[in-house]
Amino acid sequence: MSEKRLKRQRIKKKLFAKNRLVILNDETFEEIFSLKLTLMNVFVVATVGAVLIIFITTYIIAFTPLREYIPGYASSKLKQDATELALKSDSLSNALRKNEAYINAIRKVLTNNLDYARLNKDSITAGEIVDASKLNMQPGEEDLKLRKEVEQEDKYNLFEQASSRTGIVLFSPVKGMVTEAYSVKNRHYAVDIAVAKDTPIKAVAAGAVIFADWTPTNGNVIILRHNDGLISAYKHCESLTAEQGDKVKTGEVIAVAGSTGEQSTGIHLHFELWKDGYPIDPSQFIEFE
């Protein structure tokens with residue numbers, strides 16, 4: 001026990017033994033600075049200094065922007081930019097899907113490529129297959145009465161939209177004999193009206209021209225987009241008087257009748273009416289004769 005006690009005393013004596021740190025001038029040996037120290041003091045100061053350095057470094061890394069300069073730490077601006085890019089990418093994806101659906105609808109108008117009545121639009125599940133040719137699509141008594149009222153109101157002014165209690169009021173693009181009516185059975189989603197050459201073709205309602213160009217199959221074609229998802233198409237025209245992007249009024253002349261395109265069988269207007277990507281019978285809304 002005495003040896004251990006002596007050993008502890010020697011260690012204690014070394015730790016608390018006073019030493020002097022002296023800084024001398026190398027040439028004159030003049031004392032410039034001196035400091036009394038013990039090993040215990042040096043150990044305490046070194047420990048406190050190390051703790052302070054660790055604390056300050058941790059604070060800088062956790063709470064100051066200086067951490068961005070440390071390799072491995074992401075910049076807050078980079079995170080913000082990445083978040084904004086993700087939101088913009090999501091918005092662009094939604095816009096792209098809408099544009100694709102819109103382009104597919106226009107493609108159906110141009111090509112008449114439609115599998116009719118095999119999907120119920122009002123449900124996400126497939127509806128019952130219905131033979132549309134057996135449905136009664138003739139206008140009722142109230143519809144006929146309303147047409148007469150609209151025709152009477154607009155008899156002397158074809159360029160103004162008559163007031164009506166219905167949501168859709170359309171005017172005849174041309175007046176002539178219907179040579180081929182709308183037929184789902186024959187996949188003829190249009191009405192063909194025989195007219196004289198160079199007969200003015202008018203817009204059935206106000207809208208915007210979304211397509212106006214020549215196609216090999218249908219000749220000169222002009223397509224208008226109206227309110228409520230309604231699209232009207234005029235095919236086999238001799239020439240077009242409106243261009244893509246133009247805004248047209250109800251009754252405004254947009255083309256001249258003729259016989260252009262491979263599928264044309266004579267001078268006539270091939271008129272189509274579409275709603276939300278589905279064809280509808282124009283004769284339900286318009287009297288051509």
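## Salt bridges and a nonpolar patch

At 46% relative accessibility, Val48 counts as partly exposed. Keep in mind that this is a predicted model. You'll find Val48 in helix α2, which covers residues 39–63. Val48 also has company at the surface: together with Phe43, Val44, Leu52, Phe55 and Ile56, Val48 makes a nonpolar patch of about 610 Å².

Now for the charged side chains. How many salt bridges does the count come to? The total is two, and here they are:

| Salt bridge | N to O distance |
|---|---|
| Glu272 and Lys235 | 2.9 Å |
| Asp276 and Lys275 | 3.0 Å |

Let's start with Glu272 and Lys235, whose side chains meet at 2.9 Å, N to O. Which parts of the chain does this pair tie together? Glu272 sits in strand β11 (residues 268–275) and Lys235 in strand β8 (residues 230–240), so the salt bridge links parts that are 37 residues apart in sequence. Are Glu272 and Lys235 buried or exposed? Both of them are buried.

Next up are Asp276 and Lys275, whose side chains meet at 3.0 Å, N to O. How accessible are these two? Asp276 has a relative accessibility of 48%, so Asp276 counts as partly exposed. Lys275 has a relative accessible area of 23%, and that makes Lys275 partly exposed too.

To put the two bridges side by side: Glu272 and Lys235 are both buried, whereas Asp276 is partly exposed and Lys275 is partly exposed as well.

How values were computed: Residues numbered from 1 in each chain as written. Predicted model: local features only at pLDDT ≥ 70, side-chain atom pairs only at ≥ 80, totals over all residues. Heavy atoms only, no water. Salt bridge = Lys/Arg side-chain N within 4 Å of Asp/Glu carboxyl O. Helix = DSSP H or I, 4+ residues; strand = E, 2+ residues; numbered from the N terminus. Buried < 20%, exposed > 50% of the residue type's maximum accessible area, 1.4 Å probe, protein only. Patch = residues over 30% accessible without salt bridge, like charges linked within 9 Å, V, L, I, M, F, W, Y side chains within 5 Å. Areas by Shrake-Rupley, 256 points an atom, 1.4 Å probe, with all protein chains shown as cover.
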